[in-house]
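Thank you all for making time this morning. I would like to walk you through one structure, starting with the whole chain and then moving to a few individual residues.

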Amino acid sequence: GGHRGVESIIQSIGTNEFPRIRIGIGRDPLVPSEHYVLAKFTKEQVPVIRDAIVSAAEAIGVVVEQGVDKAMNRFN
């Protein structure tokens, strides 16, 4: 559930107790995961990721204004 960027944040703030907004990316069993997650989006994926980014931005607003629990209930 993380990567080196998350590890860096944990080291910097001294805790792993912070809310995270995650966007699922799926998986291609034929491609090693480190290549899959770093690959450019296909034409078919672009509208899906754009929608996911809009939802993530809305979720951030709900987290800030109403709290993590409300955001989880609305966006999960």
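I will begin with the overall fold, then turn to one pair of charged side chains, and finish with three single positions.

Please keep in mind throughout that what you see is a predicted model. The protein has four helices and zero strands, so that, read from the N terminus, the order of its elements is simply α-α-α-α. How does the spread of this chain compare with a compact globule? The radius of gyration is 15 Å, whereas the globule rule gives 11 Å for 76 residues, and because the value lies well over that figure, the protein is more spread out than a compact globule. If you prefer to think in terms of a box, the C-alpha atoms fill one of roughly 40 × 30 × 15 Å along the principal axes.

Let me stay with the whole chain for a moment and look at its surface and its contacts. Of the 76 residues, 8% count as buried, and the protein exposes about 6,600 Å², with carbon and sulfur atoms supplying 56% of that area. If we take the contacts between residues at least 6 apart in sequence, 24% of them join residues that are at least 24 apart. As for charge, there are 9 positive and 9 negative charges, and their mean positions are 3 Å apart.

That brings me to the charged pair. Side chains of opposite charge can pair when their charged atoms come close. How many salt bridges does the count give here? The count comes to one salt bridge, and the side chains that meet in it are those of Glu-58 and Arg-74, at 4.0 Å from N to O. This pair links distant parts of the chain, since Glu-58 belongs to helix H3 and Arg-74 to helix H4, with their positions 16 residues apart in sequence. The two partners fall on either side of a cut-off: Glu-58, at 40% relative accessibility, counts as partly exposed, while Arg-74, with a relative accessible area of 54%, is exposed because that value is over 50%.

Now for the single positions, beginning with the loop that separates those two helices. Gly-67 sits between helix H3, which covers 45–66, and helix H4, which covers 68–75. Is Gly-67 buried or partly exposed? Its relative accessible area is 23%, and because buried means under 20%, Gly-67 is partly exposed. In sequence Gly-67 and Pro-19 are 48 residues apart, and in space their C-alpha atoms are 9.9 Å apart.

Ile-9 lies in helix H1, residues 4–13, and is partly exposed at 41% relative accessible area. From Ile-9 to Lys-70, which are 61 residues apart along the chain, the C-alpha separation is 24 Å.

Finally, Val-37 is found in helix H2, residues 33–38, and it too is partly exposed, with a relative accessible area of 49%. The C-alpha atoms of Val-37 and Val-64 are separated by 28 Å, and these two residues are 27 apart along the chain.

Note on methods. Residues are numbered from 1 along each chain as its sequence is written. This is a predicted model: local features need pLDDT of at least 70, side-chain atom pairs count only at pLDDT 80 or more; totals for chains, interfaces and linings use all residues. Side-chain values use heavy atoms; hydrogens and water are left out. Helices (H or I, at least four residues) and strands (E, at least two) are DSSP runs, numbered from the N terminus. The radius of gyration is taken over C-alpha atoms; the globule rule is 2.2 Å times the number of residues to the power 0.38. Buried means under 20% relative accessible area, exposed over 50%, partly exposed in between (1.4 Å probe, protein chains only). Contact means heavy atoms within 4.5 Å. Accessible areas come from the Shrake-Rupley method with a 1.4 Å probe; for residues, only the protein chains shown count as cover. Lys and Arg count as positive and Asp and Glu as negative; His and the chain ends are not counted. The place of a charge is taken as NZ of Lys, CZ of Arg, CG of Asp or CD of Glu.
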